[in-house]
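This briefing addresses selected features of the structure displayed below. The points are grouped by topic for a reader in structural biology.

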Amino acid sequence: MLCINTNMSTSLRVRLPVFVLVMEIVMVTLFAFFVTYDENANAKFQNNETNPMENSMYRDYPYFADVQVMIFVGFGCLLAFFRFYGFSGMVFNFLTATFSIQWAILIQEFARAGVLISFGAVIGKTSPIQLLVMALLEIPIFSVTEWAVLKYLRINDAGGSILIHLFACYFGLGVTFVLYRPNLNSGHAKETTCYQSDILCVLGTLFLWVFWPSFNSALTLKGDDQHRAVLHTFIGLSSSTITAFALSAVFNKRGKLTMADIQNVTLAGGVTVGASVDMMISPAAAYGLGIMGCTACFFGYRYLTPFLAQRMRIQDQCGIHNLHGLTGLISSTAGICAILLATEETYGPSMYQIFSHRAPPEGHEKLLELQKLIPGLKPGLGRTAEEQALYQVAAIFATIGASAVGGLLTGLVLKLPFMASPSDDDCFDDELFFDTPSDFDSSVT
Amino acid sequence: MLCINTNMSTSLRVRLPVFVLVMEIVMVTLFAFFVTYDENANAKFQNNETNPMENSMYRDYPYFADVQVMIFVGFGCLLAFFRFYGFSGMVFNFLTATFSIQWAILIQEFARAGVLISFGAVIGKTSPIQLLVMALLEIPIFSVTEWAVLKYLRINDAGGSILIHLFACYFGLGVTFVLYRPNLNSGHAKETTCYQSDILCVLGTLFLWVFWPSFNSALTLKGDDQHRAVLHTFIGLSSSTITAFALSAVFNKRGKLTMADIQNVTLAGGVTVGASVDMMISPAAAYGLGIMGCTACFFGYRYLTPFLAQRMRIQDQCGIHNLHGLTGLISSTAGICAILLATEETYGPSMYQIFSHRAPPEGHEKLLELQKLIPGLKPGLGRTAEEQALYQVAAIFATIGASAVGGLLTGLVLKLPFMASPSDDDCFDDELFFDTPSDFDSSVT
Amino acid sequence: MLCINTNMSTSLRVRLPVFVLVMEIVMVTLFAFFVTYDENANAKFQNNETNPMENSMYRDYPYFADVQVMIFVGFGCLLAFFRFYGFSGMVFNFLTATFSIQWAILIQEFARAGVLISFGAVIGKTSPIQLLVMALLEIPIFSVTEWAVLKYLRINDAGGSILIHLFACYFGLGVTFVLYRPNLNSGHAKETTCYQSDILCVLGTLFLWVFWPSFNSALTLKGDDQHRAVLHTFIGLSSSTITAFALSAVFNKRGKLTMADIQNVTLAGGVTVGASVDMMISPAAAYGLGIMGCTACFFGYRYLTPFLAQRMRIQDQCGIHNLHGLTGLISSTAGICAILLATEETYGPSMYQIFSHRAPPEGHEKLLELQKLIPGLKPGLGRTAEEQALYQVAAIFATIGASAVGGLLTGLVLKLPFMASPSDDDCFDDELFFDTPSDFDSSVT
């Protein structure tokens, strides 16, 4: 039933097309003026010295394709876990991911994953218009933050623990703080899963699990660095997965497994190894990080999420603070430890490649020496381990601050009229935005 | 219940095994006589100058594997959208894709995708025998057409817009024209979806979406050409996807989204960028092509498909004319424009690689000059842009003509007795060809 | 309902956490002491002669990632085929696969697939504790067997027909022999599928199908060998698939297709080509192997599995003896034939690379000659084809013997108290180990 007050209407009939049309005009204009082929995609720049197989595509595309599967299929299935909200979870993920691609091609590629993480905080309580606007705002705020952090603080963050997971988490929490719905704190009749939706969600978990090593290693240096990133991610994920099973059983009154734990907590290790994923932390440390991340994530779901909802007005629907926030903090801390412990003895001269800001500055004598060992080593800032560690700490606080403020502001925008925000009653219900098949209510009840 | 008249029976008990047995004898004979290892697969041809990592496998297999996921998983889920026809959609796709592989290994690799596109026109109304016979005929007709077009017309068609999409579409329409079932024009009680089948179908869409760049770039030149193909496909798909959401909402009376649009129309951009996917058309043009293809596809589903069914005896079940025909025509037209606009200024000398028929012929002075810039450039036909464009036009008409005639003839073959063609009543019903589990009727009704 | 006797209780509340905790302590200790970075992952070993793109990761990771999809997604969906056991099938596969990774990183990578194959014999009748203990024992027994076979017998087994499929099969049969449950021989009320679980299972089949070429080629030599492995696997799978459809129809009273055949028998060809997958067997022979494997597998399901259950106390739940045992035997036999038929005429000098044990021994004159043709050829044992064939035969018997004994012993361990083994009544029922959603019984019944 549509309300008469159009501000409160949730019909997409005018809003969505107008938004899309405006965005398309903006995008195509920006594309026309600002998106050009780089040297790897421009036919004109190919000459008799070009080796086609050295095109950057062959280095990057396999990892990119894996990440695409994570974003479209993995997140798509994972977010389809509600019994009456499967269409919305999967389809709004599709819409948001697609829109984000366009925006991200213009600005920053890896911003996309962040948008979908933040989506997890507000799933079930937002219209597609709100999600698109959120993507529209989150990506530039992300990019400015990233640019500032990378330019002024210069940090190591191969797996994106700080810039992707922490940013996306606190941004999402900021948004959901503003969109607080007190009536939903006591639960909603449709906030439930069913047998098939639980299975679909596990399928999403499995896709995320399988391709997480590609995600964590996509941005590392090539060679042994990427090799370690893949290895550590596997180890971290696997220790976190078996820990999740154990915790799920021990905290269940009847000693049974809870699907929500298996769908979410298992993945914590992938985030926790992120910040140090390419460093020589040792396989055993990756194993330990997986256990720690999983444990923090599990207790976060159990105690922190209800507390945040009841006391702090932060309704974190999918518990992104557990899977991305707490784990991101552990990961960043571990990254700092790894930085402090890094020595030339362990890394050899390639230490100055991995920790590039520790390389001697331009013109320094030691740089020339090192460049004999590693041709092409770029001059750095000559930082000590301690200095680098302090910059990492600064980056953590800066990122959390920027993302939280950005999220709060974005939340205020999402409360504007014409955003087709669903009423409390209509939350978690596909019928609001979809024509549903005839078995929607009957067979699933 | 089996009919007494065996001609009309739909039991597969004799027909399918006989067909398979005959085909296996034929295949294994053909394999024995005609399929040999090429130089990349023959142990004998390896010598001390062979670099194993330069084997063609490492160049082609990743894209091939992605296309396999599209064909088996993507199409498989996509075609499982009917409520009572999920087994058939997914399993007949599996059977047809597999049989086509064998036939295609003998003849032409990329013919396979075409068969599955054509399948979309007649899904729900055909027996597996008919589908296998269709594959058996379509692949050689395709190959002859392709051979003739490539040999005599020599065209550019990297993404297969003409030779795959247009061919498959008009072939399928030809078949369905002959198989016209007037009683189904007013709908069929089982021609419906359910909640889970819709979700499965979206999953298929997502797999097709994610790997479409691999499909569109599999046949391009390596290097910057393939890089552009991937980039353009992403951009085209993403603009087409958000346009599909907008159109779906604006043409729905209650401003809601329709799953069929999201399952199909979103993908239109992947086809539309096909013919010019490796050219320097600019990202903005790829964006525009996505919007145009999506719009044509959307209105095709809304107005053209019913018109074709009611007035032209063409019952296009999945609307392949919208997703592959209209978009293929737009794509081919865009390809022609790109050819007409191509200049050495934009492309540099590599223009003569991409538009290989425009390269100067053997012995021509300019060829030698160009070969200094691009070693290994092959002599071409010295065509002008206008000449090439005319050949492209000729290829479009020739392909449409050949495929439509081929489809009509194939349709006549499919009407022969012993094809186990289902009665009108039995269409869209898994029970005809499958032992179904006990919840088939109950839980899904 | 929990029993009072804790030995017979199936609560995971204490058992699972204790097992996981103990294993984690063991693992992290072993990791700390025994897992070090190899030269491809150790930063210290990189120097100015290292080409990052030659890191072993770029050679292996794509195949590894494909195999991961098979194991987590393919097996996960395939094993979710029971109506009331979908959570267990998919989630226990996830748990077992993950735990196996850790164990396998320590010991032997490819052991993992074997554990999941063996799981198929006892699915529905085992607790997660039992599965973890089975993995814990199977991997070292596998590794010792493999080490002994490779060290003392030195065989060719690129696709793992002997060491993976035969081993896993007879190990699983040994386990299930000990775990024999006479009351289940007449069937169980919950041993059934439903529409959605059948579709999910086919999805698993499709993922296995698509990536099987990567599995079969992951361990071959690079270059033409791997190329042939991919080609043969496709051909074998495709002939086996269409044969499975034919057999399914011809042996069904009403001439319909049976989903279980399509879910399992179609894949037989992938195993059957395994032992000779990288040899010059000819495409036609691969085709024939697919047909043979499929036929044996089909009749195995029809006649042998019931016989084994009723008469031999071997309840092989998923019929792994058909899909991995019979096909493994055919494959091994075919491998022996291929070895006997191999000549330098067919293979050229690279015969001594593929059949490395036939290469002349160190210091032999012919070795030097061959090394001129193939630089880097390693000295072999100078075996004749007949000698190699006999060693293959010995390997088959040794592997079957070791795996069967290992399986029997493992089965005895699984019968110990505190293993949370389900009662006969509770078999095939998710409710035993999971909190299930409210529609678990109602909507699916």
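In this predicted model, A:His232 lies in helix H8 of chain A, which spans residues 224-250. With a relative accessibility of 0%, A:His232 is classed as buried, and its side chain makes a polar contact of 2.6 Å with the side chain of C:Tyr37. The points below take up this residue, the charged pairs, the relation between chains, the helices and the unusual backbone angles.

**Surroundings of A:His232**

- Beyond its neighbours within four places in sequence, A:His232 has contacts in chain A that include A:Val273, A:Ser276, A:Val277 and A:Met279.
- Further contacts of A:His232 include A:Ile281, A:Ser282, A:Pro283 and A:Ala286.
- C:Tyr37 also appears among the contacts of A:His232, and the side chains of these two residues are joined by the polar contact of 2.6 Å.
- A:His232 counts as buried because its relative accessibility is 0%, and the cut-off for burial is under 20%.

**Relation between chains A and C**

- A turn of 120 degrees, with a shift of 0.0 Å along the axis, lays chain C on chain A with an RMSD of 0.0 Å.
- The two copies are therefore related as by a three-fold rotation axis.
- The copies use different surfaces, as 8% of the contact residues of chain C recur in chain A.

**Salt bridges**

- Over all chains, the structure holds 21 salt bridges.
- In chain A, the side chains of A:Arg228 and A:Asp225 form a salt bridge with an N to O distance of 3.5 Å.
- A:Arg228 and A:Asp225 are separated by about one helical turn, because they stand 3 residues apart in helix H8 of chain A.
- Both partners are buried: A:Arg228 has a relative accessibility of 0%, and A:Asp225 has one of 3%.
- In chain C, C:Asp224 and C:Arg228 form a salt bridge whose closest N and O atoms are 2.9 Å apart.
- C:Asp224 and C:Arg228 are 4 residues apart in helix H8 of chain C (residues 224-250), so about one helical turn separates them.
- C:Arg228 is buried at 0% relative accessibility, and C:Asp224 is buried with a relative accessible area of 6%.
- In chain A, salt bridges with shared partners link A:Asp224, A:Asp225 and A:Arg228 into one network.
- C:Arg59 and C:Asp60 form another salt bridge, with their closest N and O atoms 3.5 Å apart.
- C:Arg59 is partly exposed at 36% relative accessibility, and C:Asp60 is partly exposed at 34%.

**Helix H4 in chains B and C**

- In chain B, the axes of helix H4 (residues 111-122) and helix H6 (residues 161-178) come within 8 Å and cross at roughly 35 degrees.
- The crossing of H4(B) past H6(B) is right-handed.
- On the H4(B) side, the residues that meet H6(B) are B:Ala113, B:Gly114, B:Ile117, B:Ser118, B:Ala121 and B:Val122.
- On the H6(B) side, the residues met are B:Ile164, B:His165, B:Ala168, B:Phe171, B:Gly172, B:Val175 and B:Thr176.
- In chain C, 12 of the 12 residues of helix H4 (residues 111-122) are buried, so this helix is largely enclosed by the rest of the structure.
- The buried residues of H4(C) include C:Arg112, C:Leu116, C:Ser118 and C:Phe119.
- Just after H4(C), C:Gly124 adopts a positive phi of about 90 degrees.

**Positive phi outside glycine**

- Most residues other than glycine have a negative phi.
- A:Phe418, although not a glycine, has a positive phi of about 65 degrees.
- A:Phe418 is placed in the loop between helix H16 (385-414) and helix H17 (439-442) of chain A.
- At 49% relative accessibility, A:Phe418 is partly exposed.
- B:Ala420 is likewise not a glycine and has a positive phi of about 60 degrees.
- B:Ala420 is located in the segment after helix H16 (385-414) of chain B.
- B:Ala420 is buried, its relative accessible area being 1%.

Technical notes: Residues are numbered from 1 along each chain as its sequence is written. Chains are lettered from A and ligands numbered from 1 in the order in which they are written. This is a predicted model: local features need pLDDT of at least 70, side-chain atom pairs count only at pLDDT 80 or more; totals for chains, interfaces and linings use all residues. Side-chain values use heavy atoms; hydrogens and water are left out. Copies are superposed by least squares on the C-alpha atoms of residues with pLDDT of at least 70 in both. Contact means heavy atoms within 4.5 Å. Helices (H or I, at least four residues) and strands (E, at least two) are DSSP runs, numbered from the N terminus. Buried means under 20% relative accessible area, exposed over 50%, partly exposed in between (1.4 Å probe, protein chains only). A polar contact is a pair of N or O atoms within 3.5 Å; within protein, one must be able to donate a hydrogen and the other to accept it, and residues adjacent in sequence count only if both atoms are side-chain atoms. A salt bridge is a side-chain nitrogen of Lys or Arg within 4 Å of a carboxyl oxygen of Asp or Glu. Axes are lines fitted to C-alpha atoms, for helices over the stretch in contact, and angles run from 0 to 180 degrees between N-to-C directions. A crossing is left-handed if the near helix is turned anticlockwise from the far one by less than a right angle, and right-handed if clockwise.
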